[in-house]
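Good morning, colleagues. My contribution today concerns the surroundings of a bound ligand, and I would ask you to keep the structure in view as I speak.

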Amino acid sequence: MSLLSLDRILQSQGFGTRKYCRGLIEDGEVAIAGEVVTDYKSAIDTEGLVFTLFDEEWTYHEHVYIALNKPANIECSRKPSHHPGVLSILPEQFTWREVQPVGRLDHDTTGFLLMSDDGAFIHAQSSPKRHVPKLYVATTQEEVSDELIALLLGGVQLHDEPTPLAALSCRRLGSHQIEIVLEQGKYHQVKRMLAAAGNHCCALERTAIGSLTLVGLGLEEGEWCYLDAAQRALLAPA
Ligand code: URA
């Protein structure tokens with residue numbers, strides 16, 4: 001059992017300052033198991049807690065782990081400059097909870113973006129030591145040749161990198177499309193590797209992290225979901 005006062009619970013879930021949350025409770029906007037609770041000091045067990053706020057149902061999460069199918073023209077940076085930031089397409093309380101992307105996708109890259117407010121998880125997941133494979137589908141400007149695949153598998157030298165970077169796996173999906181799996185997360189890595197191998201990337205989608213896939217999660221572009229512990233375990237190298 002883990003008891004917290006209701007005002008702290010709402011604040012921890014990103015619904016505003018403690019004072020604001022107290023106001024919501026006193027105004028009768030919060031209900032638990034169908035009963036309106038107006039005393040903000042009420043001690044509530046957070047385990048498995050489901051509450052309604054403004055008639056919308058919420059489940060208590062100590063930390064949130066989110067998978068988003070990121071659309072194009074959305075920036076992952078905290079201070080977006082040319083396009084809306086990724087938090088603008090998620091419920092507002094994630095901003096209050098200081099949810100942040102785990103690594104980044106370019107503004108024009110679509111697909112699987114992991115987000116969380118758990119610092120230890122973000123740190124562990126983004127550590128280069130973890131070797132988490134990330135699967136991308138890249139559409140290329142020039143036709144995909146055997147030589148391109150061989151170069152990407154053998155390793156290409158990128159500017160500012162001490163040693164060549166190689167794909168973990170790479171295969172042709174169509175005349176102008178490849179699937180490429182990388183275990184590093186260097187800046188513009190897929191685009192730069194394709195350019196270094198003599199082709200160019202016209203569109204890029206990340207479709208999986210570890211063995212967790214967007215298709216498996218059933219996320220259409222712009223959709224998001226919480227990840228449970230079993231799903232998070234799939235984010236590790238296979
Ligand atoms: N590689 C890229 O070039 N861009 C991304 O967004 C992700 C990987």
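The shell around the ligand is made up of four nonpolar, three polar and two charged residues. Please bear in mind that this is a predicted model. The residues surrounding the ligand are L105, D106, T109, Y136, H188, Q189, V190, K191 and L204.

Which helix supplies the largest share of this shell? That is helix 6, spanning residues 189-196, from which three residues come.

Let me turn to the polar contacts. A nitrogen atom of the ligand has a polar side-chain atom of D106 at 2.7 Å. On the backbone side, H188 places a polar atom 3.2 Å from an oxygen atom of the ligand. For Q189, a backbone N or O atom is found 3.4 Å from an oxygen atom of the ligand. As for burial, the ligand taken alone exposes 230 Å², and 95% of that is buried by the protein.

Where, then, does the ligand sit? Its site is the largest pocket. In terms of domains, the shell receives residues from both domain 2 (65-128 + 215-233) and domain 3 (133-209), and the ligand therefore lies between the two.

To summarise, we have a ligand between domain 2 and domain 3, with 95% of its exposed area buried by the protein and a side-chain contact from D106 at 2.7 Å to a ligand nitrogen atom. Thank you for your attention.

Definitions and conventions. Residues are numbered from 1 along each chain as its sequence is written. This is a predicted model: local features need pLDDT of at least 70, side-chain atom pairs count only at pLDDT 80 or more; totals for chains, interfaces and linings use all residues. Side-chain values use heavy atoms; hydrogens and water are left out. A residue is near a molecule or strand if one of its heavy atoms lies within 4 Å of it. A polar contact is a pair of N or O atoms within 3.5 Å; within protein, one must be able to donate a hydrogen and the other to accept it, and residues adjacent in sequence count only if both atoms are side-chain atoms. Accessible areas come from the Shrake-Rupley method with a 1.4 Å probe; for residues, only the protein chains shown count as cover. On a 1 Å grid over the protein atoms alone, a cavity is a set of points where a 1.4 Å probe fits but cannot get out, and a pocket is an open set with protein on both sides within 12 Å along at least five of seven lines; lining residues have an atom within 4 Å of a point. A molecule sits in a cavity or pocket if more than half of its atoms lie within 2 Å of its grid points. Helices (H or I, at least four residues) and strands (E, at least two) are DSSP runs, numbered from the N terminus. Ala, Val, Leu, Ile, Met, Phe, Trp, Tyr, Cys and Pro count as nonpolar, Asp, Glu, Lys and Arg as charged, and the others, Gly among them, as polar. Domain bounds come from an automatic or database domain assignment.
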